[in-house]
Amino acid sequence: MIVKKMHDMGVRSEHAYMAAFASIGLTVVAWATSLKAEPGTGLDRADRWGLFVGEWAPTFFGLGVALSHYEQQDGTLAASVHEFPGSKLAG
């Protein structure tokens, strides 16, 4: 139900995957920024910020997979699978 609603709003699996990879990068940025911008708070606080943002990536990857499955069933999946000529699997 949520996945269908997201799909109807225009959110595609590619968007969720991009958000997941962006959150991985943001994790490193949040950790480094917290470490340098808040002197005296120590490494523990920087680690907490990094972990907080880092927990978003699996959620976005999961949404990407769910949206991809929905797009396959709906017939709106943008990506296609290409078979290699001469492969034993093609045929």
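**Entry 1. Secondary structure**

I looked up the secondary structure first, and the protein comes to four helices and zero strands. I note that the model is predicted. Read along the sequence, the pattern is α-α-α-α. I then asked how the contacts are distributed along the chain. Of the contacts with a separation of 6 or more, 70% are accounted for by residues 24 or more positions apart.

**Entry 2. Surface and burial**

I checked what share of the protein is buried. Of its 91 residues, 20% are buried. The protein exposes about 6800 Å², and carbon and sulfur atoms supply 67% of that area.

**Entry 3. Helix 2**

I turned to helix 2, which covers residues 13–37. Helix 2 has 25 residues, and the distance from its first C-alpha to its last is 35 Å. I compared this with the span expected at 1.5 Å a residue, which is 36 Å, and the two values are close.

I listed the buried residues of helix 2: Ser 13, Ala 16, Ala 20, Ser 23, Thr 27, Ala 30 and Ser 34. From this list I chose Ser 23 for a separate check. Its relative accessible area is 3%, so Ser 23 falls under the 20% limit for buried residues. I looked up which residues Ser 23 touches, not counting those up to four places away in sequence. They are Val 53, Trp 56, Ala 57 and Phe 60.

**Entry 4. Aromatic pairs**

I searched the whole structure for aromatic pairs and found three. I recorded two of them in detail. For Tyr 17 and Phe 61, the ring centres are 6.4 Å apart and the planes are at 40 degrees, so I entered the pair as tilted. Tyr 17 is in helix 2 and Phe 61 is in helix 4 (residues 56–74). This pair links distant parts of the chain, the two residues being 44 residues apart.

I next asked how exposed the two residues are. Tyr 17 is partly exposed, with a relative accessible area of 27%. Phe 61 is also partly exposed, and its relative accessible area is 29%.

Phe 61 forms a further aromatic pair with Phe 21. I read 5.2 Å centre to centre and 90 degrees between the planes, and this pair is edge-to-face. Because Phe 21 lies in helix 2 and Phe 61 in helix 4, the pair ties together parts that are 40 residues apart in sequence. Phe 21 itself is exposed, at a relative accessible area of 55%. I therefore place Phe 21 over the 50% limit for exposed residues. I entered Tyr 17, Phe 21 and Phe 61 as one aromatic cluster.

**Entry 5. Nonpolar surface patch**

I asked which residues form a nonpolar patch on the surface. They are Leu 26, Val 29, Trp 49, Phe 52 and Trp 56, with about 480 Å² of accessible area together. The elements that give two or more residues to the patch are helix 2 and helix 3 (42–54). I checked Leu 26 individually. This residue lies in helix 2, and it is partly exposed, with a relative accessible area of 40%. I noted that Trp 56, which belongs to the patch, is also among the residues that Ser 23 touches.

**Entry 6. Val 11**

I looked up Val 11 in the loop between helix 1 (2–8) and helix 2. At 25% relative accessibility, Val 11 counts as partly exposed. Leaving aside its neighbours within four places in sequence, I find Val 11 in contact with Met 6, Leu 67 and Glu 71. I also read the separation between the C-alpha atoms of Val 11 and Gly 64, which is 9.5 Å. These two residues are 53 residues apart along the chain.

**Entry 7. Salt bridge**

Side chains of opposite charge can pair when their charged atoms come close. I searched for such pairing, and the structure holds one salt bridge. Which residues form the salt bridge? Asp 8 forms it with Lys 4, and the closest N and O atoms are 2.9 Å apart. Both residues are in helix 1, four residues apart, so about one helical turn separates them. I closed the entry with the exposure of Lys 4, which counts as partly exposed at 42% relative accessibility.

Technical notes: Residues are numbered from 1 along each chain as its sequence is written. This is a predicted model: local features need pLDDT of at least 70, side-chain atom pairs count only at pLDDT 80 or more; totals for chains, interfaces and linings use all residues. Side-chain values use heavy atoms; hydrogens and water are left out. Rings of Phe, Tyr and Trp (its six-membered ring) pair if their centres lie within 6.5 Å; planes under 30 degrees apart count as stacked, over 60 as edge-to-face and the rest as tilted. Buried means under 20% relative accessible area, exposed over 50%, partly exposed in between (1.4 Å probe, protein chains only). Patches are made of residues with over 30% relative accessible area and no salt bridge: like charges are joined within 9 Å, nonpolar side chains (Val, Leu, Ile, Met, Phe, Trp, Tyr) within 5 Å. Accessible areas come from the Shrake-Rupley method with a 1.4 Å probe; for residues, only the protein chains shown count as cover. A salt bridge is a side-chain nitrogen of Lys or Arg within 4 Å of a carboxyl oxygen of Asp or Glu. Contact means heavy atoms within 4.5 Å. The expected span of a helix is 1.5 Å times one less than its number of residues.
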